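Hi,

Here is the structure I promised to pass on. Have a look at it first, and my notes follow underneath.

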Amino acid sequence: MINDANPLRTGFTTGSCATAATAAALDLLLNAQHRKQVDFILPDGSSATMDIIFTTTENDTATAGVRKFAGDDPDITAGALICASVRLNNLAQIRFFAGDGVGTVTREGLQIPVGEPAINPVPRRMLSETVQKFTSSGVDITISVENGKELAAKTFNPRLGIVGGISIIGTSGIVRPFSHEAIQETIRISIDVAAATGINQLILVAGHYGMRAAESFYSTSHENIIEVSNEWDTALAHAQRKNIKPLLLLSHPGKLAKFILGYFNTHSKHSPSALPLVQHTAQELNIKITANSTTVEGLFQELSEPDKTRLAGVLAAKIKQSIIDKYTITDITVTLIDMQNHILASSGDNSKWQKK
């Protein structure tokens with residue numbers, strides 16, 4: 001619970017940080033002003049203020065840096081030094097370049113063309129509008145992020161074909177603590193990239209356990225696996241829009257059984273425990289269970305192998321039917337695994353996926 005008297009703090013996106021740094025660098029380049037703070041405009045038209053860590057000039061280029069404040073969001077780029085270097089050009093164009101720590105797009109399907117720096121459309125608009133407040137001349141903007149290449153290794157960027165660093169992102173300019181927007185957008189982009197590069201056969205997993213199982217049991221490449229966390233609704237709805245098939249869902253019964261109850265966001269804040277449903281299903285199958293188990297994993301651990309297979313098989317079939325009923329996706333396989341990386345059961349044509 002969050003006490004309303006002490007709410008979680010919002011922060012700034014990398015796009016906002018790049019914009020603030022660009023404003024400070026332009027003021028130095030054009031007006032010889034070393035700013036300690038700058039005001040800038042967010043995408044919704046409201047204004048914000050950010051502290052400037054440093055400003056410097058070298059030859060015809062001015063550079064400014066800001067330290068990213070992410071509020072109370074567990075952002076991988078929190079505290080990163082984000083810098084903008086600006087110089088005038090004779091082309092009457094605003095051009096964007098990737099400095100150290102900012103990635104370059106190498107695969108189709110993203111919002112930015114191949115070969116361009118990974119600076120998303122909204123930050124590009126923010127940067128362009130900032131330039132236009134200072135000058136009508138052409139300006140080259142180079143964005144860099146300290147240790148950005150190392151930070152990118154902890155993100156989805158390598159799998160999306162963004163190499164060399166992080167992306168400069170943000171649609172609102174503001175980071176809201178524990179928002180699901182970032183992962184939802186990443187899921188949609190991952191599916192877009194797959195569709196654009198001709199990858200139709202996808203495996204959806206919740207996280208590292210599912211990733212490990214996919215690589216262990218199925219004949220697939222890393223690009224075919226998409227981590228969805230608890231955002232199954234986002235993934236399934238977008239896969240349906242993009243006509244991605246076949247699909248394989250690979251996860252724990254304690255998570256996917258929530259589909260049967262009508263919950264496709266499986267986070268505990270948004271859905272109840274699947275344990276009562278699994279217990280009831282076991283009883284319907286005359287599988288003896290005790291009242292000791294407090295988790296679905298614990299319930300399965302107390303069962304014999306034949307009973308595990310029977311119970312998981314029924315659950316997998318019901319989960320698959322729930323997906324068909326809601327999303328009309330029919331070319332789908334549901335595979336349930338336990339926490340020891342064992343396959344419990346599958347529903348669907350598993351032969352499309354299994355290693356030969």
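**What I found**

Let me start in the middle of a sheet: strand β6 (residues 81–89) and strand β10 (residues 138–145) run antiparallel and are joined by eight bridges. Before I go on, this is a predicted model, where local features need pLDDT of at least 70 and side-chain atom pairs count only at pLDDT 80 or more, while totals for chains, interfaces and linings use all residues. Residues are numbered from 1 along each chain as its sequence is written, and side-chain values use heavy atoms, with hydrogens and water left out. Helices (H or I, at least four residues) and strands (E, at least two) are DSSP runs, numbered from the N terminus, and two strands pair if DSSP finds at least two bridges between them.

**The five-stranded sheet**

Back to β6 and β10. N89 stands opposite G138 in β10, and A84 has I143 as its bridge partner there. On β7, the pairing with β10 is parallel and covers five bridges, with F97 opposite T142 of β10.

Which strands make up the sheet, and in what order? It is an open sheet of five strands, ordered β4-β5-β6-β10-β7, with mixed pairing. The edges are β4 (54–58) and β7 (94–98), each with a single partner strand, so one side of each has no neighbour in the sheet. On average, neighbouring strands are turned by 20° against each other, direction ignored. (For angles in general here, axes are lines fitted to C-alpha atoms, for helices over the stretch in contact, and angles run from 0 to 180 degrees between N-to-C directions.)

Is β10 mostly covered or uncovered? Mostly covered: six of its eight residues are buried, where buried means under 20% relative accessible area, exposed over 50% and partly exposed in between, with a 1.4 Å probe and protein chains only.

Two helices lie across this sheet. Helix α1 (residues 14–31) lies across β4, β5 (61–67), β6 and β10, at about 45° to β6. Helix α2 (residues 121–134) lies across β7 and β10, at about 130° to β7.

**A buried lysine**

Do look at K68, in the loop between β5 and β6. Is K68 buried or exposed? It is buried, with a relative accessible area of 5%. Leaving aside neighbours within four places in sequence, the contacts of K68 (contact means heavy atoms within 4.5 Å) include F12, T13, T14 and C17, as well as D75, T77, I82 and V175.

**Helix α7 and its surroundings**

Further along is helix α7 (residues 232–241), which is largely enclosed by the rest of the structure, because seven of its ten residues are buried. Those buried residues are W232, T234, A235, L236, A237, H238 and A239. They pack against α5 (181–196), β14 (202–205), β16 (247–251), α8 (253–256) and α11. After α7 comes N243, with a positive phi near 55°.

**Two partners of α11**

Two packed helices are described by the angle between their axes and the distance between the axes. The axes of α7 and α11 come within 11 Å and cross at roughly 55°. The two are therefore oblique to each other; angles under 35 degrees count as roughly parallel, over 145 as roughly antiparallel, 65 to 115 as roughly perpendicular and the rest as oblique. The crossing of α7 with α11 is right-handed, meaning that the near helix is turned clockwise from the far one by less than a right angle, while anticlockwise would make it left-handed. In this contact, D233, L236, A237 and Q240 of α7 meet I323, K326 and Y327 of α11. By class, that contact has four nonpolar, one polar and two charged residues; Ala, Val, Leu, Ile, Met, Phe, Trp, Tyr, Cys and Pro count as nonpolar, Asp, Glu, Lys and Arg as charged, and the others, Gly among them, as polar.

Helix α9 (residues 275–284) also packs on α11 (residues 305–327), at about 120° and with the axes 10 Å apart. α9 and α11 are therefore oblique too, and their crossing is right-handed. Here V278, T281, A282 and E284 of α9 meet L311, V314, L315 and K318 of α11. This contact has five nonpolar, one polar and two charged residues.

**The chain as a whole**

There are eleven helices and 18 strands in the chain. Its C-alpha trace spans about 80 × 50 × 30 Å along the principal axes, and 49% of the 356 residues count as buried.

Cheers
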